[in-house]
Amino acid sequence: MLSSQVAWPLLDSGRLQVLKLLMDKNARETNRRNWDARARVHGQDRLYDSAQLVAGASSLTDVELEGLRRAVGQVAGLDVIHLQCHIGFDSISLARLGGRVTGLDFSPVALAKAAALAGQCGVEVAWVAADVCDPPASLFGRFDLVYATIGVLCWIEDIDAWMSAAHHLLRPGGTLLLVELHPFQFMIDTTDPLVFDFPYSFDGPHRLDSAGSYTDPSADIKATQTVQYAHSVGEVVTAAIEAGLVVRWLAERTNAPRDFRGDLVGPEADGRYRLRLGAEAAPMLYTVVADRPV
Ligand SMILES: C[S@@+](CC[C@H](N)C(=O)[O-])C[C@H]1O[C@@H](n2cnc3c(N)ncnc32)[C@H](O)[C@@H]1O
């Protein structure tokens, strides 16, 4: 009580704003260092098989393909921006479907790997290094499809800024496709015993320090600290609406084609991955399709 009484007059709203900006920048830098370090080791592992990609395999699973069908039907001939494209697997796969693809990420190491892979695949993709919440204004209004999948929003503090960027990147009539890990999945640390260690909805930054990566828990990642944020499905959909997008489709899935986290569950007899609570399967993924009105 005493400290807040003393501190409050010292931190007027201007200073609080500066403090918040510095903390945001610091969190982004922590995450960028982690993603640079992960990008250095990703590319020949259980999730990212570069040899297969170069040989012509697509990285798009049935979940992304269904989302694409719902969002745009055909990708061919569309201007597509792949947000938080990492080492470019989906960017390359979308280009192979005939999209004119731009991949955006804040990790220069990831983008360098993505560009090298695209070269080996003989596929043309434009690469942009930028913060996803602050993309270059030169890209505004240029895309038919904003595509973002699996593990993108937990790095973002300001979900309104992320949705606003998606809205600005789309041309009128364009569509956002977001396929994301369900926030319920994020809550779970281990399934046996069942331990929850992360909130369902936004409550500020969570500083984490964990070795390895979702591609390989024993991977030697040099920068292990991250800052992550929870965003409930309601918060994400509301942010899309408030950014001016019209939500056309929202689907929650209780099975997944992979264990995208790498350490949570194994495949069932049908090859699908489910997060069982007793006999019942909990949500693992969700998809949002939303249009920028004409
Ligand atoms: C889990 S990966 C996305 C994986 C991607 N769906 C794929 O198929 O490979 C998350 C990506 O988000 C990027 N990222 C995180 N925060 C970002 C930010 N603020 N601006 C731009 N990129 C960001 C990271 O560099 C990383 O490549």
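In the predicted model, strand β5, spanning residues 170–181, pairs with strand β13, spanning residues 285–291, in the antiparallel sense, and seven bridges join the two. Within this pairing, leucine 181 has leucine 285 of β13 as its bridge partner. Both strands belong to an open sheet of seven strands, whose order is β3-β2-β1-β4-β5-β13-β10 and whose pairing is mixed. The edges of this sheet are occupied by β3 (125–129) and β10 (246–253), each of which has a single partner strand, so that one side of each is left without a neighbour in the sheet. From one strand to the next, the twist averages 15°.

Two helices pack on this sheet. Helix α7 touches β1 (79–83), β4 (143–149) and β5, and the direction of the helix makes about 140° with that of β5. Helix α9, in turn, touches β10 and β13, and its direction makes about 10° with that of β13. The β5–β13 pair described above, with its seven antiparallel bridges, thus includes one strand touched by α7 and one touched by α9.

The two helices also pack against each other. Two packed helices are described by the angle between their axes and the distance between the axes. For α7 (residues 159–169) and α9 (residues 233–242), the angle is about 45° and the axes lie 8 Å apart. Because angles from 65 to 115 degrees count as roughly perpendicular and those under 35 degrees as roughly parallel, the value of about 45° makes α7 oblique to α9. The crossing of these two helices is right-handed. On the α7 side the contact comprises Ile159, Asp160 and Met163, which meet Glu235, Val236, Ala239, Ala240 and Glu242 on the α9 side. By class, the residues of this contact divide into five nonpolar and three charged, with no polar residue.

The surroundings of the ligand were examined separately. A shell of 18 residues surrounds the ligand, and the closest of them are Trp35, Gln84, His86, Phe106 and Gly151. Among the helices, α2 (13–41) and α5 (89–96) each supply at least two residues of this shell, and α2 gives the most, with three residues. In its composition, the shell around the ligand has eight nonpolar, six polar and four charged residues, whereas the contact of α7 with α9 has no polar residue.

Conventions: Residues numbered from 1 in each chain as written. Predicted model: local features only at pLDDT ≥ 70, side-chain atom pairs only at ≥ 80, totals over all residues. Near = placed C-beta within 6 Å. Helix = DSSP H or I, 4+ residues; strand = E, 2+ residues; numbered from the N terminus. Nonpolar A, V, L, I, M, F, W, Y, C, P; charged D, E, K, R; others polar. Axes fitted to C-alpha atoms, helices over the stretch in contact; angles between N-to-C directions. Parallel < 35°, antiparallel > 145°, perpendicular 65-115°, else oblique. Left-handed = near helix turned anticlockwise from the far one by under 90°. Contact = placed C-beta atoms within 7 Å. Pairing = 2+ DSSP bridges.
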